[in-house]
Amino acid sequence: MGPVVIGLVAPLVAALKQKLSAYALMAVAGLIVIFSAGYALNAVHSLLMLRYGGVAASLAIAGALLLAAVINVCAAFYLKYRPAVVSAAAKASSPFSNPPFRSPIRWNGVMAAAAAVAGAATAAAAILTSERLRNIMRGRDSHGPDV
(Lines give C-alpha, C1' and ligand atoms only; values in the text may rest on other atoms or scores of the structure.)
Protein backbone atom coordinates (compact mmCIF):
# COMPACT_ATOMS: atom_id res chain seq x y z
CA MET A 1 0.00 0.00 0.00
CA GLY A 2 2.92 2.35 0.75
CA PRO A 3 4.36 2.48 -2.79
CA VAL A 4 0.90 3.28 -4.18
CA VAL A 5 0.49 6.22 -1.80
CA ILE A 6 4.03 7.42 -2.50
CA GLY A 7 3.34 7.14 -6.23
CA LEU A 8 0.26 9.31 -5.85
CA VAL A 9 1.83 11.86 -3.50
CA ALA A 10 5.24 12.21 -5.20
CA PRO A 11 3.99 14.26 -8.21
CA LEU A 12 2.11 16.58 -5.85
CA VAL A 13 5.18 17.10 -3.67
CA ALA A 14 7.33 17.73 -6.75
CA ALA A 15 4.88 20.31 -8.10
CA LEU A 16 4.70 21.98 -4.68
CA LYS A 17 8.51 22.14 -4.43
CA GLN A 18 8.69 23.60 -7.93
CA LYS A 19 6.14 26.32 -7.11
CA LEU A 20 7.81 27.05 -3.78
CA SER A 21 11.21 27.39 -5.45
CA ALA A 22 9.78 29.71 -8.10
CA TYR A 23 8.10 31.95 -5.52
CA ALA A 24 11.23 32.02 -3.36
CA LEU A 25 13.31 33.11 -6.35
CA MET A 26 10.74 35.80 -7.16
CA ALA A 27 10.89 37.07 -3.58
CA VAL A 28 14.70 37.19 -3.68
CA ALA A 29 14.54 39.02 -7.03
CA GLY A 30 12.13 41.55 -5.53
CA LEU A 31 14.48 42.17 -2.62
CA ILE A 32 17.41 42.62 -5.02
CA VAL A 33 15.39 45.19 -6.99
CA ILE A 34 14.61 47.07 -3.78
CA PHE A 35 18.28 47.03 -2.71
CA SER A 36 19.46 48.14 -6.14
CA ALA A 37 16.99 51.02 -6.07
CA GLY A 38 18.46 52.02 -2.71
CA TYR A 39 21.98 51.97 -4.12
CA ALA A 40 20.83 54.00 -7.14
CA LEU A 41 19.30 56.59 -4.82
CA ASN A 42 22.54 56.66 -2.86
CA ALA A 43 24.53 57.21 -6.05
CA VAL A 44 22.25 60.05 -7.14
CA HIS A 45 22.49 61.54 -3.66
CA SER A 46 26.30 61.38 -3.79
CA LEU A 47 26.35 63.00 -7.22
CA LEU A 48 24.05 65.80 -6.07
CA MET A 49 26.03 66.21 -2.87
CA LEU A 50 29.27 66.76 -4.77
CA ARG A 51 27.59 69.26 -7.06
CA TYR A 52 25.15 71.17 -4.78
CA GLY A 53 26.01 70.22 -1.17
CA GLY A 54 24.61 67.77 1.39
CA VAL A 55 21.44 69.62 2.42
CA ALA A 56 20.33 70.38 -1.12
CA ALA A 57 21.01 66.80 -2.21
CA SER A 58 18.99 65.37 0.69
CA LEU A 59 16.13 67.77 0.00
CA ALA A 60 16.14 66.86 -3.70
CA ILE A 61 16.04 63.11 -2.97
CA ALA A 62 13.34 63.55 -0.30
CA GLY A 63 11.27 65.69 -2.69
CA ALA A 64 11.59 63.14 -5.48
CA LEU A 65 10.54 60.31 -3.15
CA LEU A 66 7.58 62.36 -1.88
CA LEU A 67 6.53 63.13 -5.45
CA ALA A 68 6.73 59.41 -6.33
CA ALA A 69 4.59 58.55 -3.30
CA VAL A 70 1.95 61.16 -4.24
CA ILE A 71 1.84 59.85 -7.81
CA ASN A 72 1.37 56.28 -6.51
CA VAL A 73 -1.45 57.34 -4.17
CA CYS A 74 -3.19 59.21 -7.00
CA ALA A 75 -2.87 56.16 -9.28
CA ALA A 76 -4.27 53.94 -6.51
CA PHE A 77 -7.31 56.19 -6.05
CA TYR A 78 -7.84 56.33 -9.80
CA LEU A 79 -7.75 52.54 -10.06
CA LYS A 80 -9.95 52.12 -6.98
CA TYR A 81 -12.80 54.28 -8.25
CA ARG A 82 -12.54 53.40 -11.95
CA PRO A 83 -15.33 51.12 -13.16
CA ALA A 84 -14.20 47.55 -13.74
CA VAL A 85 -13.65 46.37 -17.30
CA VAL A 86 -16.20 43.69 -18.17
CA SER A 87 -15.41 41.30 -20.99
CA ALA A 88 -17.81 40.75 -23.87
CA ALA A 89 -18.40 37.13 -22.80
CA ALA A 90 -19.46 38.25 -19.34
CA LYS A 91 -21.87 40.82 -20.79
CA ALA A 92 -23.43 38.24 -23.13
CA SER A 93 -23.87 35.51 -20.54
CA SER A 94 -26.89 35.23 -18.30
CA PRO A 95 -26.49 36.34 -14.69
CA PHE A 96 -28.26 33.11 -13.74
CA SER A 97 -25.81 30.80 -15.53
CA ASN A 98 -23.83 30.28 -12.31
CA PRO A 99 -25.87 29.93 -9.13
CA PRO A 100 -24.71 32.06 -6.21
CA PHE A 101 -22.35 30.33 -3.81
CA ARG A 102 -23.82 29.71 -0.39
CA SER A 103 -21.35 28.93 2.31
CA PRO A 104 -22.17 25.80 4.30
CA ILE A 105 -21.02 27.60 7.45
CA ARG A 106 -23.33 30.15 9.03
CA TRP A 107 -20.96 32.67 10.56
CA ASN A 108 -23.63 34.08 12.89
CA GLY A 109 -24.01 30.62 14.39
CA VAL A 110 -20.25 30.23 14.75
CA MET A 111 -20.01 33.61 16.48
CA ALA A 112 -22.90 32.71 18.81
CA ALA A 113 -21.24 29.41 19.72
CA ALA A 114 -17.91 31.17 20.32
CA ALA A 115 -19.64 33.72 22.56
CA ALA A 116 -21.35 30.92 24.51
CA VAL A 117 -18.03 29.09 25.00
CA ALA A 118 -16.34 32.32 26.09
CA GLY A 119 -19.15 33.04 28.55
CA ALA A 120 -18.99 29.53 29.97
CA ALA A 121 -15.20 29.73 30.31
CA THR A 122 -15.48 33.09 32.08
CA ALA A 123 -18.13 31.77 34.47
CA ALA A 124 -16.04 28.67 35.20
CA ALA A 125 -12.95 30.77 35.85
CA ALA A 126 -14.91 33.06 38.19
CA ILE A 127 -16.37 30.12 40.11
CA LEU A 128 -12.99 28.39 40.40
CA THR A 129 -11.26 31.50 41.75
CA SER A 130 -13.96 32.60 44.25
CA GLU A 131 -14.77 30.57 47.33
CA ARG A 132 -17.99 32.54 47.85
CA LEU A 133 -19.24 31.56 44.38
CA ARG A 134 -18.29 27.93 44.98
CA ASN A 135 -20.31 27.97 48.23
CA ILE A 136 -23.28 29.49 46.43
CA MET A 137 -23.08 26.74 43.80
CA ARG A 138 -22.96 24.10 46.56
CA GLY A 139 -25.99 25.68 48.31
CA ARG A 140 -24.08 26.61 51.46
CA ASP A 141 -23.95 29.89 53.35
CA SER A 142 -22.71 32.64 51.07
CA HIS A 143 -21.50 34.95 53.87
CA GLY A 144 -18.14 33.20 54.30
CA PRO A 145 -14.82 34.84 53.55
CA ASP A 146 -13.92 35.43 49.93
CA VAL A 147 -10.52 33.99 49.17
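Biologist: A residue is buried under 20% relative accessible area, exposed over 50% and partly exposed in between (1.4 Å probe, protein chains only). What percentage of the 147 residues of the chain counts as buried?

Modeller: This is a predicted model, in which local features need pLDDT (the predictor's confidence in each residue, from 0 to 100) of at least 70 and side-chain atom pairs count only at pLDDT 80 or more, while totals for chains, interfaces and linings use all residues. Residues are numbered from 1 along each chain as its sequence is written, and side-chain values use heavy atoms, with hydrogens and water left out. Of the 147 residues of the chain, the part that counts as buried is 3%.

Biologist: In which helix is confidence highest?

Modeller: The chain averages a pLDDT of 81, and 83% of its residues score at least 70. Helices (DSSP runs of H or I, at least four residues, numbered from the N terminus) number five, and there are zero strands (E, at least two residues) in the chain. Confidence is lowest in helix 3 (residues 88–92), with a mean of 59, whereas the highest mean, 89, belongs to helix 2.

Biologist: How is the aromatic pair of F77 and Y81 arranged?

Modeller: The structure holds one aromatic pair (ring centres of Phe, Tyr or the six-membered ring of Trp within 6.5 Å; planes under 30 degrees apart are stacked, over 60 edge-to-face, the rest tilted). The ring centres of F77 and Y81 lie 6.3 Å apart with planes at 10°, so the pair is stacked.

Biologist: Is Y81 buried or exposed?

Modeller: F77 and Y81 are four residues apart in helix 2 (residues 54–81), about one helical turn. F77 has a relative accessible area of 46%, which makes F77 partly exposed. Y81 has a relative accessibility of 60% and is therefore exposed.

Biologist: Which residues of helix 5 make the contact with helix 4?

Modeller: Helix 4 (residues 107–129) and helix 5 (residues 131–138) pack with their axes 5 Å apart, at an angle of about 100°. The two helices are therefore roughly perpendicular (65 to 115 degrees). In this contact (heavy atoms within 4.5 Å), helix 4 contributes A126, I127, L128 and T129, and helix 5 contributes E131, L133, R134 and M137.

Notes
Axes are lines fitted to C-alpha atoms, for helices over the stretch in contact, and angles run from 0 to 180 degrees between N-to-C directions. Angles under 35 degrees count as roughly parallel, over 145 as roughly antiparallel, 65 to 115 as roughly perpendicular and the rest as oblique.
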